[in-house]
Amino acid sequence: MGKKVALMGNTATAHAIRQINPDVIAAYPITPSSDIPMAVASFIADGLMDTELVTVESEHSAMSACVGASAAGGRVMTITAAQGLALMSEIVYIASSLRLPIVTIIAARALSSPLNIHGDHSDVMEVRDAGWIQLFCEDSQEIYDSTIQAIKISENKNVLTPVMVIMDGFNTSHSVEIWEMEEDKRVKEFIGEYTPKYPLLDVSRKITYGAWAPPAEYSEHKVSQLHGLLQSPSMVKKVGEDFGKAFGRNYGIFEAYKLDDADYAIVIMGSAAGTAKDVVDALRENGVKAGLLKMRMFRPFPADEVKEALGNVKVVATLDRVISAGAYGSPLFNEIRSALYDVPQRPIVIDYIYGLGGRDTQPKHFKAVYENLKKIAKTGKVGKILDFINIRGKWEE
Amino acid sequence: MKIGEKAKWDELLTGGVIEDPGNSVNYKTGSWGIEKPIWNKDACINCMFCWVYCPDSAIKVDKDGNMAGIDCDFCKGCGLCVKECPKPNALAMVLKADIEKKGMDVVFKETFGGK
């Protein structure tokens, strides 16, 4: 049995990392994730971990050192957010292309400018097409559990793809919640030993990483990489189920909340899902058929399962915590609406942007969204495809 | 996988790893340049600056460690050896087309003079 503790999301993650005890962590602390490398440094100083912590001079170097350590054959992790993830993004692409199972924890945060250290999904959405698996977490328990699961998912022989485990900056990273910490021994048993496929340090089998691929070769490499990424959904499911068997908390690629008979649904990721679920409960008590789809695995995007989950809903609102500047709708909207295009009686889908730079999103805001969905279902008139939640001034474009 | 063998995507090793390191020796880059260096052995003092600076390891070395010519399979014609050579008459860049047209002997004489 695990024990119940009341600690911050960052601390929950740090404990997961302590239990994983990776060979190498290369990190450059950045708000709102700084507590994690700080805690890791303390654990190492206290003799609770023997990880090689490389204190680099930038996030670009952090991910570069991770690539080197992972290619050498180590179990490797890092932690970052916001500008840090943007700075490492060049190497983020290289890590996935070389199929290195690096697990990266991200306390998602707004990108400058204006300077803002608070939560939104701008940083992780910038690298959504970098070829990583992206797991969004709602609370401290999920970030703890998903960090442990990510090791098993990424290291699977067929997958060998890095994973971003994402929590909302401050909303989750700095909230003290009650969550269950499992025994060190049982976590270690769950993740098992890592046997790298092509370790550079194995001198009996000489290999080269990162060679040049001219136009006659490059396409095949990218298709091979994509194939690896697309092996991950079944592993995300399997590891989530195995985790449930071991520790009693099941995970899938998403959470369908009161969605079976729902007429109106919100699709959302991260901490705000908790607030929205409370609103669903309240609406259900008043007989409103409200439901919610909390995406956990955003990359690779599980289009078939989404069709199944949302196919019978009348009106859907996607809630994006990022502006995809100049795109026709935000990332979640684009994916959801595109997936539902193939459904014969496809739902109406509209897009809301919320919570930018840590802007508070409250139950009344979600309630207003569901009211709009009800109105659309009743009148058949959509109105605005895109709107903003809780901003001053009217959005009319 | 050998250079020149065209693999299907599902025949590649995970992560584009190469199992026969050093296989760039099979990748001949000597055809890239429009110029190539020629070497005047009589003027060469074997300082080996050309060998140090050559980015393609295309300066041949004999068993005594002396300059032994240019490996035209790999020389891309960048001209660094000529730039770094301290002797004015030991290395020079010439047009490959001129060699084809006039023959090596003529080009050599035009470049270095003498014999």
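Mentor: Helices (H or I, at least four residues) and strands (E, at least two) are DSSP runs, numbered from the N terminus. The model is predicted, so local features need pLDDT of at least 70 and side-chain atom pairs pLDDT 80 or more, while totals for chains, interfaces and linings use all residues. Residues are numbered from 1 along each chain as written, chains are lettered from A and ligands numbered from 1 in written order, and side-chain values use heavy atoms, without hydrogens and water.

Trainee: Where is the place of Lys258(A)?

Mentor: Lys258(A) is not a glycine, yet its phi is positive, at about 50 degrees. With a relative accessible area of 37%, Lys258(A) is partly exposed (buried is under 20%, exposed over 50%, partly exposed in between; 1.4 Å probe, protein chains only). Its place in chain A is the loop between strand 9 and strand 10.

Trainee: Is Arg99(A) buried or exposed?

Mentor: In chain A, Arg99(A) is found in the loop that runs between helix 4 (82–97) and strand 5. Although Arg99(A) is not a glycine, it has a positive phi of about 60 degrees. Its relative accessible area is 8%, and Arg99(A) is therefore buried.

Trainee: How many residues does helix 10 of chain A have?

Mentor: Helix 10 of chain A covers residues 272–285. From first C-alpha to last it reaches 20 Å, close to the 20 Å expected at 1.5 Å a residue (1.5 Å times one less than the number of residues). The number of residues in this helix is 14.

Trainee: Within what arc do the buried residues of helix 10 of chain A fall?

Mentor: The buried residues of helix 10 of chain A are Ala272(A), Ala273(A), Ala276(A), Lys277(A), Val279(A), Val280(A) and Leu283(A). Seen down the helix axis, with directions taken from the axis to the C-beta atoms, they line one face of helix 10 of chain A, because they fall within an arc of 160 degrees.

Trainee: Which exposed residues does the face of helix 10 of chain A turned away from its buried side carry?

Mentor: The buried side of helix 10 of chain A is covered by elements that include strand 7 (163–168), strand 9 (254–257), strand 10 (264–268), strand 11 (290–295) and helix 13 of chain A, contact being heavy atoms within 4.5 Å. Just after helix 10 of chain A, Gly287(A) takes a positive phi of about 85 degrees. On the face turned away from the buried side, the exposed residues are Asp278(A) and Glu285(A).

Trainee: Which residue does a cis peptide bond join to Thr31(A)?

Mentor: The bond has an omega of about 0 degrees. The partner of Thr31(A) lies in the loop between strand 2 (24–27) and helix 2 (35–45) of chain A. The residue joined to Thr31(A) is Pro32(A).

Trainee: What is the peptide bond from Ser112(A) to Ser113(A), cis or trans?

Mentor: Ser113(A) is found in chain A, in the loop between strand 5 (103–108) and helix 5 (122–126). For the peptide bond from Ser112(A) to Ser113(A), omega is near 0 degrees, and the bond is cis.

Trainee: How many Å apart in space are Glu189(A) and Ile20(A), C-alpha to C-alpha?

Mentor: Glu189(A) lies in helix 7 (residues 184–191) of chain A. Glu189(A) is exposed, its relative accessible area being 53%. In sequence, 169 residues separate Glu189(A) and Ile20(A), whereas in space their C-alpha atoms are apart by 9.9 Å.
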